[in-house]
Amino acid sequence: MNMNKNDISQLSWPENQLLPAIVQHAISGKVLMQGYMNPLALTQTLNSKKVTFYSRSKARLWTKGESSGHTLDLVSLDIDCDADSILVLAIPNGPTCHVGTESCWHDNSANSPQLAFLYELEQVIQSREGAEPSSSYTASLFAKGVKRIAQKVGEEGVESALAAMAGDKAELANEAADLIFHLLVLLRSQQLELNDVVRVLQQRHNTAKT
């Protein structure tokens, strides 16, 4: 269930009033960290929209990033079926781990859902925008403008369709990869993200069910 302030008393609080809280990147799905929340930390998180824990070492409330500035912007809170653990979906502002890594699980390859790579690719594409055209293929596309980027999306779409019609699965996968890449570049050129497209798909799906 998606939590609100009225649900706090319904949680199965143990004697020490601390429940584990797992923080997950709201877009990529990566698990970022685990902390502990008591009722006050949970209330402050809901009120401030900044993820706040109870620090066992400091024996006080602790808002993630209060010293480093690497806060976690709350997207949603959920509880498990036993109401004794909390799932936090958040957008990080900088690295989450105190050692400077994105996640407290440092082996990102083991901690990355496959589709999370699309989010990582978006970040790389964004970093190329405005860069010297000779520095990368992506930067050269941005320099050529939306007309050329859109043309590449059209070309790769046709090539994907032709590969499917020919029954060449390997070529289809290759051309589809080119299509998705260029589509991400096109979206970025218009200040859009893949997440904007996903929201439209979700809205259509929800409408179809009603």
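Colleague: In this predicted model, which helices are included in what covers the buried residues of α5?
Modeller: The buried residues of α5 are Glu175, Phe181, His182, Leu184, Val185, Leu186, Leu187 and Ser189, and it is their surroundings that matter here. The cover over them includes α2 (116-128), α3 (137-144), α4 (146-165) and α6 (194-209).

Colleague: What distance separates the end C-alpha atoms of helix α5, and what span should its residues give?
Modeller: Helix α5 covers residues 169-189, which makes 21 residues. The expected span counts 1.5 Å for one less than the number of residues, so α5 should span 30 Å. The end C-alpha atoms agree with that expectation, lying apart by 30 Å.

Colleague: Which residue caps the N-terminal end of α5, and which residue with a positive phi follows the helix?
Modeller: At the N-terminal end, the backbone nitrogen of Ala170 has a side-chain oxygen 3.4 Å away, and the residue that supplies this oxygen as the cap is Asp168. After the helix comes a residue with a positive phi, near 55 degrees, and this is Gln191.

Colleague: How many residues does α2 have, and how far does α2 reach from its first C-alpha to its last?
Modeller: At 1.5 Å a residue, the reach expected of α2 is 18 Å, and the model comes close to this value. Just after the helix, Gly130 takes a positive phi of about 85 degrees. The helix itself has 13 residues, and from first to last C-alpha its reach is 19 Å.

Colleague: Against which elements do the buried residues of α2 pack?
Modeller: Within α2, the residues that count as buried are Ala116, Tyr119, Leu121, Glu122 and Ile125. The elements against which these buried residues pack are β1, α3, α5 and α6.

Colleague: Is Ser28 buried or exposed, and with which residues is Ser28 in contact, leaving aside its neighbours within four places in sequence?
Modeller: Ser28 lies in the loop between β1 (19-25) and β2 (31-37), and a polar atom of its side chain is 3.3 Å from the backbone nitrogen of Lys30. Its relative accessible area is 6%, and because buried means under 20%, Ser28 counts as buried. Once the neighbours within four places are set aside, Ser28 is in contact with Pro113, Ala116 and Tyr119.

Colleague: Which backbone oxygen does the side chain of Thr96 reach?
Modeller: Thr96 sits in the loop between β6 (86-92) and α2, and with a relative accessible area of 4% it is buried. Apart from neighbours within four places in sequence, its contacts are Leu32, Met33, Lys64, Leu72, Thr101 and Glu102; Lys64 is 32 residues away from Thr96 in sequence, with the two C-alpha atoms 8.4 Å apart. The backbone oxygen that the Thr96 side chain reaches, at 3.2 Å, belongs to Glu102.

Colleague: With which residue does Glu102 form a salt bridge?
Modeller: In this salt bridge, the closest N and O atoms are 2.8 Å apart, and the partner of Glu102 is Lys30. Glu102 lies in the loop between β6 and α2 and Lys30 in the loop between β1 and β2, so the pair ties together parts that are 72 residues apart in sequence. Glu102 is partly exposed, at 29% relative accessibility, whereas the partner that counts as buried, at 2%, is Lys30.

Colleague: At what N to O distance do the side chains of Lys50 and Asp73 meet?
Modeller: The pair links distant parts of the chain, with Lys50 in the loop between α1 (39-48) and β3 (52-55) and Asp73 in strand β5 (residues 72-79), 23 residues apart. Lys50 is partly exposed at 29% relative accessibility, and Asp73 is partly exposed at 23%. Their side chains form a salt bridge whose N to O distance is 2.3 Å.

Colleague: Which residues are linked in a network of salt bridges?
Modeller: A search of the whole structure finds nine salt bridges, including the one in which Arg60 and Glu66 meet at 2.8 Å, N to O. The residues that are linked in a network are Arg148, Lys152, Glu155 and Glu156.

Colleague: What accessible area do Val158, Leu162 and Met165 have together?
Modeller: Met165 has its place in helix α4 and is exposed, with a relative accessible area of 71%. Together with Val158 and Leu162, Met165 forms a nonpolar patch on the surface, for which the combined accessible area is about 350 Å².

Key
Residues are numbered from 1 along each chain as its sequence is written. This is a predicted model: local features need pLDDT of at least 70, side-chain atom pairs count only at pLDDT 80 or more; totals for chains, interfaces and linings use all residues. Side-chain values use heavy atoms; hydrogens and water are left out. Helices (H or I, at least four residues) and strands (E, at least two) are DSSP runs, numbered from the N terminus. Buried means under 20% relative accessible area, exposed over 50%, partly exposed in between (1.4 Å probe, protein chains only). Contact means heavy atoms within 4.5 Å. A polar contact is a pair of N or O atoms within 3.5 Å; within protein, one must be able to donate a hydrogen and the other to accept it, and residues adjacent in sequence count only if both atoms are side-chain atoms. Patches are made of residues with over 30% relative accessible area and no salt bridge: like charges are joined within 9 Å, nonpolar side chains (Val, Leu, Ile, Met, Phe, Trp, Tyr) within 5 Å. Accessible areas come from the Shrake-Rupley method with a 1.4 Å probe; for residues, only the protein chains shown count as cover. A salt bridge is a side-chain nitrogen of Lys or Arg within 4 Å of a carboxyl oxygen of Asp or Glu.
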